Number of protein chains: 2
Amino acid sequence: MSRTAAVPVGAARQGSLRELNLALVLGRIADADRPPSRADLAARTGLTRATVSAVVEDLLLGRLVAEVEPAPRAGAGRPARGLVLAGDGPAGLGLEVNVDYLAVCVVDLAGRVRHHTVERADLRPVPPAEALGRLAALAAAARADAADQGLTPAGAALAVPGLVDDAGLVRLAPNLGWRDVPVPALLARHPALTEHVDGVPPLVVDNEANLAALGELHAGPSGAASFLHISGEVGIGAGIVLDGRLFRGVRGWSGEIGHVPVRPDGRPCRCGGRGCLERYAGQEAVLAAAGLAGADLPADTAAYRLAELARAGDAATLAALHDAGTALGVAVAGVVNLLDLDTVVLGGGYAPLEPWLRPPVLAEISHRVLTAAWSPVTVRPATLGTQAAAVGAAGSVVRRILARPGGWLAHRS
Amino acid sequence: MSRTAAVPVGAARQGSLRELNLALVLGRIADADRPPSRADLAARTGLTRATVSAVVEDLLLGRLVAEVEPAPRAGAGRPARGLVLAGDGPAGLGLEVNVDYLAVCVVDLAGRVRHHTVERADLRPVPPAEALGRLAALAAAARADAADQGLTPAGAALAVPGLVDDAGLVRLAPNLGWRDVPVPALLARHPALTEHVDGVPPLVVDNEANLAALGELHAGPSGAASFLHISGEVGIGAGIVLDGRLFRGVRGWSGEIGHVPVRPDGRPCRCGGRGCLERYAGQEAVLAAAGLAGADLPADTAAYRLAELARAGDAATLAALHDAGTALGVAVAGVVNLLDLDTVVLGGGYAPLEPWLRPPVLAEISHRVLTAAWSPVTVRPATLGTQAAAVGAAGSVVRRILARPGGWLAHRS
DNA sequence: GTCAAATAATTCAACCACTGAACAAATAGT
DNA sequence: ACTATTTGTTCAGTGGTTGAATTATTTGAC
């Protein structure tokens, strides 16, 4: 988990200045919609052209950026040399363990997915050590593929559908049946996940919903940098992104929206409370209400089955989705009132169901959110599919390098 | 509203280095439990003693810190000269308009309240311009008093029980009867609130609950730097403090916990929704349930009256408080599940009622919060009294100077 | 009473990184 | 070919940190 602020609150030594400016320039290159020239960067950052040149020199040497052919420009003057994020520099390795699949992917600095593997398997009966072993094998293959493409894997992040510790201990992953699983220790034997690069931890473990939100952050339309991302799976998790940064809570356990009460005296929940959202908008509840209780569908196809039925006009399914959307809307309205967010993303299993969920969610928001009159809340489906968490995990590694390029550069000198 | 991050994401020029270290050293002086020496600061910040000396020199010249007699120390060696925040430097002016009082206070760099005035008056029938005029008169007196004590008022913050714009426009303050009141424009004629100091805006307007949370942040026990502060007044507002920083939401309208649904099909609320927390734990609801519906008590004495009755064992009051606490607990459980906070502070009118509210709130939390088993949630009363918002407002000005001393120093050179 | 040990704070040359201005490079238009 | 224009680099100047040496001020031992 990223405990580091954008700027460490330590001593500002001389080198900090360069480190700050490396991150600044690199960030502008990443954000730009077309390859900027050094002069563009100088104008946009406020640095002098001389400084930008020196900084870019470092970035080029460290293979973080590359020069491209200048975009033909009207008017006189020496043609600019465009700068882009390197396609052959460091890359992030993203891993995911979920109820019925393992996934691994590699994302480069520019956010492109350069490798992607999914292995379907019911992992509930598999012991954690074995599941992680299989994952490590996939990771080794992914590293090799990345290396073939000229990329240097610089760190990995693992998404787990459960509560994760600072140290990577999985305290509880109910749907997977895991409890107190020391993931880093179990993966320590696998070299694919322990190679260390300065400035980037070899492996971080985090909640699936958190990483899916991060995936959405840099896959989704840029601009909306504050949103609530809801992953509707067997359980319901949420990732909260504020100003382009994931909010993790005091211990990293934020986002348990599935247990927000929506009917305080309602159905009992396995968490011990009553009337939790999960009991009204979780997969089991929706399937039961739609009359598919015994179907025992794999978790990630259930949503598509529901969407099919809804498209066909099945009354029970439509009613079930309406009720789930209303429950979701009640919880979301509370969140929006509390946090003042302007965008809600329906992700995971909710994404294909968005056409039927959005109207009741919006209805609840518009009734219940005090400030909805001044500025409306957008509800939209996630742009990434089921692999949002793995891609988000890989992206989190990449983001870390972009945010603090100093470590990577020091490592390569 | 503080839009600026701790470190602006602009170009890191040469001067930025000094600015960063000024803030770093000043922060350590502020946090220390006893006056640190330059050598202590060097050890704690990682800077060299030479740099610390130079930085401290600047701070002394700018009247931000002062030297004090060394604390007698065992062992040999030249005695250290202790450094403390100056008691005669800049100060923050805190203002509050509420339903039945106006308040003004002055807080110095060390957080001490150096001036404090409250003017009781029912402000609902008073036009905003007149209310603000009276406030400005109090502010002028406070400035004069501060100047007599050697302080330089360096900026002001105003707390309002309502939704405030980035520009200081009060969009809606329902209990005060304000709507679209352009506070800065109305106060522009009053010199006490428009004198400008570099790096500190002359007047910021913010929500009362937000500023009360900030007040609690630096009055409360240090260490708990992430908490939810709930101001139970006529309405119910919350301030969310994360890692020592107030979280304001996308538009600065976070904290509307009063309209979080706790009984989705319950009592209609004036916000247009149903079953909002305010209808179950707001002052009116509690007074009605306790049988004091018509009493028409001033808002800030209602809580004390209820506490009296509860202490005397009045059955209706005890039941009313239990029910309010349960509703509050439902809402708070949702918030804690979502944000993973470990501390909840009962402030405003809830503070004196804490003995009766805490048990039901804790009961709901322990039932409903998934992670409560691993790490308990603390529920405690606010340490600041009814003046939390005014003190917090003044404190926010001071914090801004401490966080970016560069502006103040430039202004004084 | 004097001297050694210890700790605090300052001084100073060296160095790092940014600035501003001058200059070299490369193109379009006339 | 020549000028205008824009890009990118070079270089002396400067602000700020570093590290080591120096000065300052105390305690404790002989």
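Start by selecting DNA strand D together with the protein around it, bearing in mind that what you have open is a predicted model. Around this strand there are 25 residues, and the ones that come nearest are Arg13(A), Gln14(A), Ser53(A), Arg78(A) and Arg18(B). If you then show the atoms of DNA strand D that come within 4 Å of the protein, sugar and phosphate make up 66% of them.

Next, look at the bases of the same strand, and display Gly77(A) and Arg78(A) with their backbone atoms. A polar backbone atom of Gly77(A) is 3.1 Å from a base oxygen of DNA strand D, and a polar backbone atom of Arg78(A) is 2.7 Å from a base oxygen of that strand. Now move to chain B and select Gln14(B), where a polar side-chain atom lies 3.2 Å from a base oxygen of DNA strand D. To see which parts of the fold carry this surface, colour helix 2 (38-45) and helix 3 (49-61) of chain A and helix 1 (14-31) and helix 3 (49-61) of chain B, since these are the elements that give two or more residues to the surface near DNA strand D. Among these, helix 1 of chain B supplies the largest share, 4 residues. Colouring the surface by residue class shows 8 nonpolar, 10 polar and 7 charged residues near DNA strand D.

Now hide that selection and turn to DNA strand C. Here 27 residues surround the strand, with Arg18(A), Asn21(A), Ser53(B), Arg78(B) and Arg81(B) being the closest, and sugar and phosphate account for 70% of the strand's atoms that come within 4 Å of the protein.

Which atoms of DNA strand C should you look for beside the side chains of Arg18(A) and Ser53(B)? In the case of Arg18(A), an N or O atom of the side chain is 2.7 Å from a phosphate oxygen of the strand, while for Ser53(B) a polar side-chain atom lies 2.4 Å from a phosphate oxygen. Arg78(A), which you have already displayed, appears again at this strand, with a polar backbone atom 3.2 Å from a base nitrogen of DNA strand C. The elements to colour for this surface, each giving two or more residues, are helix 1 (14-31) and helix 3 of chain A together with helix 2 (38-45) and helix 3 of chain B. Helix 1 of chain A provides the largest share of the surface near DNA strand C, namely 4 residues, and by class that surface has 10 nonpolar, 10 polar and 7 charged residues.

Leave the DNA now and look for spaces within the protein. The structure holds 6 cavities of 30 Å³ or more, and the largest cavity contains about 140 Å³ of space. To find the largest cavity, select Val260(A), Gly334(A), Val260(B), Gly334(B) and Val335(B), which lie nearest its centre among the 14 lining residues. Helix 10 (315-339) of chain A and helix 10 (315-339) of chain B each supply at least two residues of this lining, which by class has 12 nonpolar, 2 polar and no charged residues.

The last stop is the second largest pocket, with a volume of about 630 Å³. Select Ser37(A), Asp40(A), Pro79(A), Ala80(A) and Arg81(A), which lie nearest its centre out of 21 lining residues. Helix 2 and helix 3 of chain A are the elements that give two or more residues to the lining of this pocket, and helix 2 of chain A gives the most, with 4 residues. By class, the lining of the second largest pocket divides into 9 nonpolar, 3 polar and 9 charged residues.

Key: Residues are numbered from 1 along each chain as its sequence is written. Chains are lettered from A and ligands numbered from 1 in the order in which they are written. This is a predicted model: local features need pLDDT of at least 70, side-chain atom pairs count only at pLDDT 80 or more; totals for chains, interfaces and linings use all residues. Side-chain values use heavy atoms; hydrogens and water are left out. A residue is near a molecule or strand if one of its heavy atoms lies within 4 Å of it. A polar contact is a pair of N or O atoms within 3.5 Å; within protein, one must be able to donate a hydrogen and the other to accept it, and residues adjacent in sequence count only if both atoms are side-chain atoms. Ala, Val, Leu, Ile, Met, Phe, Trp, Tyr, Cys and Pro count as nonpolar, Asp, Glu, Lys and Arg as charged, and the others, Gly among them, as polar. On a 1 Å grid over the protein atoms alone, a cavity is a set of points where a 1.4 Å probe fits but cannot get out, and a pocket is an open set with protein on both sides within 12 Å along at least five of seven lines; lining residues have an atom within 4 Å of a point. Grid points are joined across faces, edges and corners, and a volume is the space filled by probe spheres set on the points.
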